[in-house]
Amino acid sequence: MTPRTLVLSSIDRYLASGADLLEGLNAEVCERDSRLLRFPYTVMLEVAYPELDFINRWCWRHFGPLDGECTQKCSEYRACADETPHHHAGRWTSYWFAKTDYDFGFNEWYFSEKTDRDLLLANLPEMNWGEHYPK
Ligand SMILES: [Zn+2]
């Protein structure tokens, strides 16, 4: 089996974890509120880095480019080959909140369409560390 460590989570669970205090970033909650204005439908997961990259690639394939600064250059499962600093406009985005363990932590996905959010939720059982981590 390909490794799978992700856990469905929530902003409340993130806040209760104290990870925001460790990172010293309470402003994050304000930034999140402004993201929610454009992307009101969310999925918070606790994930390992490879799962984060795997899910982002899945979202690119299903929903098009991530909205905002493109960080695909650093992804294990790249969906964008552009090496230069750039942005995309799109109907979803992704935000890393904080590490809670070695290469593991809270990441939230945001969608402008409820159907997109629901499609990711429905496909969570298919999300894992991906083909770079065979059994
Ligand atoms: Zn890009």
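**A tour from strand S1 to helix H5**

Begin with strand S1, residues 7-9, and strand S2: the two pair in the antiparallel sense over 3 bridges. The model is a predicted one. Within this pairing, select Val 7 and look across to Glu 46 of S2, which stands opposite.

Next, colour the whole of S2, residues 41-48. Of its 8 residues, 6 are buried, and the strand is mostly covered. S2 is also joined to strand S6, residues 104-111, by 8 bridges, and these two strands run antiparallel. To find a point along this pairing, select Val 47 together with Gly 105 in S6, its bridge partner.

From Gly 105, step back to the loop between S5 and S6, where Asp 103 lies. Check its backbone: phi is near 50 degrees, a positive value in a residue other than glycine. Is Asp 103 buried or exposed? Asp 103 has 12 C-beta neighbours inside 10 Å and therefore counts as exposed, since the limit for that class is 12 or fewer.

Now select helix H4, residues 49-63. A distance between its end C-alpha atoms gives 21 Å. This agrees with the expected span, because 15 residues at 1.5 Å a residue should also cover 21 Å. Show the side chains of the buried residues in H4: Pro 50, Glu 51, Leu 52, Asp 53, Phe 54, Ile 55 and Asn 56, followed by Cys 59, Trp 60 and Phe 63. To see what covers them, add S2, strand S5 (92-101), S6 and helix H5 (114-123), which are among the covering elements. Just after H4, stop at Gly 64, where phi is positive, at about 85 degrees.

The last selection is H5, residues 114-123. Which residues of H5 are buried? They are Asp 116, Arg 117 and Leu 120. Turn the view to look down the axis of H5: the buried residues fall within an arc of 100 degrees, so they line one face of the helix. The general rule behind such a pattern is that an α-helix has 3.6 residues a turn, so residues three or four places apart point the same way. Then rotate to the face of H5 turned away from the buried side, which carries the exposed residues Lys 114, Thr 115 and Ala 122. Finally, bring back S2, H4, S5 and S6, which are included in what covers the buried residues of H5.

Technical notes
Residues are numbered from 1 along each chain as its sequence is written. This is a predicted model: local features need pLDDT of at least 70, side-chain atom pairs count only at pLDDT 80 or more; totals for chains, interfaces and linings use all residues. Helices (H or I, at least four residues) and strands (E, at least two) are DSSP runs, numbered from the N terminus. The expected span of a helix is 1.5 Å times one less than its number of residues. A residue is buried if 20 or more other C-beta atoms lie within 10 Å of its own, exposed if 12 or fewer, and partly exposed in between; C-beta atoms are placed from the backbone. Two residues are in contact if their C-beta atoms, placed from the backbone, lie within 7 Å. Two strands pair if DSSP finds at least two bridges between them. The arc is that of the directions from the helix axis to the C-beta atoms.
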